[in-house]
Amino acid sequence: MIPEKGTATVVKHTGSHYLLTRLPEWDLFPAVLRGKIRLKGSTTTNPMAVGDIVDYTFDGTMGTIDKIHPRRNYIIRRSTNLSRESHIIAANLDRVYLIVTLAFPETKLAFVDRFLVTCEAYGVPVTILINKCDLHDEALDEMADTFEEIYGGAGYDILRISAKTGENIDRLKELCREGINLFSGTSGVGKSSLIKAIDPSLDLIKTGEISAAHLQGRHTTTFYQMHPIAGGGYIIDTPGIRGFGLVDLEKEELSTYFPEMLKVMDNCRFKPCTHTHEPGCAVKEAVENGEISSDRYYSYLGMLEEETKYR
Ligand SMILES: Nc1nc2c(ncn2[C@@H]2O[C@H](COP(=O)(O)OP(=O)(O)OP(=O)(O)O)[C@@H](O)[C@H]2O)c(=O)[nH]1
Ligand SMILES: [Mg+2]
Ligand SMILES: [Zn+2]
């Protein structure tokens, strides 16, 4: 029995309809938003996201969302670089898993870096998963080594996995046991397949099957949806992200969202330092002596330039 009034978590939303549940009960019920509530100062396209905690009223059939609790954290993206519109992907997350593939399809490092900056800026811990390792030949294994050097060196946890063979899936399941986890990444990297591998009892739309409606013949996830995992924890499956524009970052703060730069920037002679032209810059010195990956540094410069251009 769902109480007439209470607190619940958003599990899914489709247009103006939301699916709520009490946790840990997992007693799903539909709800709509009470007309007048708005998040203060919100310019996002969706007022609420999966993971939001709300106060509701329930009449036995339909719930009404009366109030949104303040968010502990969230992941947000701007639709394109020219757009002012932003979109909250999910809220109140314990961890984000960024799923990448080195091939089939190739995840671009520029995308990875933008995604990581957003996680840092909004205070969400992130782990990187390299999926489809079953497809790795020697060359791709070497690429995985390099990837681990770059991102492991920057301070991130990385796990090589395969939804197909089950490599490290037990480990991932263990990691997801606590709290609410978001699976994100570009389309086709295997987010839904991984969730299905972690909990085969889940009733996800079958992944990887030929779909007449979809030109690429795969089943693309179109909703943000939270799933309860047998054995503990929750995972939010998301549609693949295309571009990832940064939201509301000041030029001066960008480097603080690169953990490896944050670690040394206290030693820059000038403060604030953009780590571009300033003499006595500790970041540039660390890049020169190999402590900071030059790929990451160039990514930083790219973001810096782009953010300034569109401001
Ligand atoms: N070889 C191999 N194929 C995989 C693996 N994981 C997923 N795939 C395949 O990759 C394709 C895409 O998988 P999905 O799980 O639908 O990918 P997704 O990230 O959920 O994609 P979107 O929902 O579009 O964002 C399917 O054909 C899967 O069978 C893996 O570990 N190894
Ligand atoms: Mg999917
Ligand atoms: Zn500097």
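**Core packing, strand pairing and backbone geometry**

A49 touches V10, Y74, I88, I89, A90 and A91, when residues up to four places away in sequence are left out. In this predicted model, A49 is also among the members of the largest nonpolar core that touch the most other members, together with L20, A90, I75 and I236. That core holds 73 residues. A90 thus appears both in the list of core residues with the most contacts to other members and among the residues touched by A49. In soluble globular proteins, nonpolar side chains tend to be buried together.

The protein chain consists of 311 residues, of which 36% count as buried. Seven helices and 13 strands were assigned in the chain. Where contacts between residues at least 6 apart in sequence are considered, 64% join residues at least 24 apart.

Helix α4, spanning residues 191-198, is largely enclosed by the rest of the structure, because eight of its eight residues are buried. The buried residues are K191, S192, S193, L194, I195, K196, A197 and I198. They pack against four strands, β8 (95-100), β11 (180-184), β12 (225-228) and β13 (234-237), and against helix α3 (169-175).

Two of the strands that pack against α4, β12 and β13, pair with each other in the antiparallel sense over four bridges. In this pairing P228 stands opposite Y234 in β13. The two strands form a hairpin with five residues between them, and G231 in this hairpin takes a positive phi near 100 degrees.

Strand β8, which also packs against the buried residues of α4, pairs with β9 (residues 126-130) in the parallel sense over five bridges. V100 stands opposite I130 in β9. Between these strands the chain passes through helix α1 (residues 109-121), and the resulting β-α-β crossover is right-handed. Strand β9 pairs in turn with β10 (residues 157-160), in the parallel sense and over four bridges. Here I128 stands opposite I158 in β10. The connection from β9 to β10 runs through helix α2 (residues 138-153), and this β-α-β crossover is right-handed. In a regular strand the side chains alternate between the two faces of the sheet.

Cis peptide bonds were found at two proline positions. One joins L23 and P24, with omega about 5 degrees; P24 is located in the loop between β2 (17-21) and β3 (29-33). The peptide bond from K271 to P272 is cis as well, with omega near 0 degrees, and P272 belongs to the loop between α5 (259-264) and α6 (282-288).

Positive phi values also occur at residues that are not glycine. N92 has a phi of about 55 degrees and lies in the loop between β7 (86-91) and β8. N92 counts as buried because 20 C-beta neighbours lie inside 10 Å, the threshold for a buried residue being 20 or more. H275, likewise not a glycine, has a positive phi of about 60 degrees. H275 is found in the loop between α5 and α6, the loop that also contains the cis-bonded P272. With 26 other C-beta atoms within 10 Å, H275 is buried.

Methods
Residues numbered from 1 in each chain as written. Chains lettered and ligands numbered in written order. Predicted model: local features only at pLDDT ≥ 70, side-chain atom pairs only at ≥ 80, totals over all residues. Buried ≥ 20, exposed ≤ 12 C-beta atoms within 10 Å, placed from the backbone. Contact = placed C-beta atoms within 7 Å. Pairing = 2+ DSSP bridges. Right-handed = clockwise from strand over helix to strand, strands pointing away. Core = buried A, V, L, I, M, F, W, Y, C linked by C-beta atoms within 7 Å.
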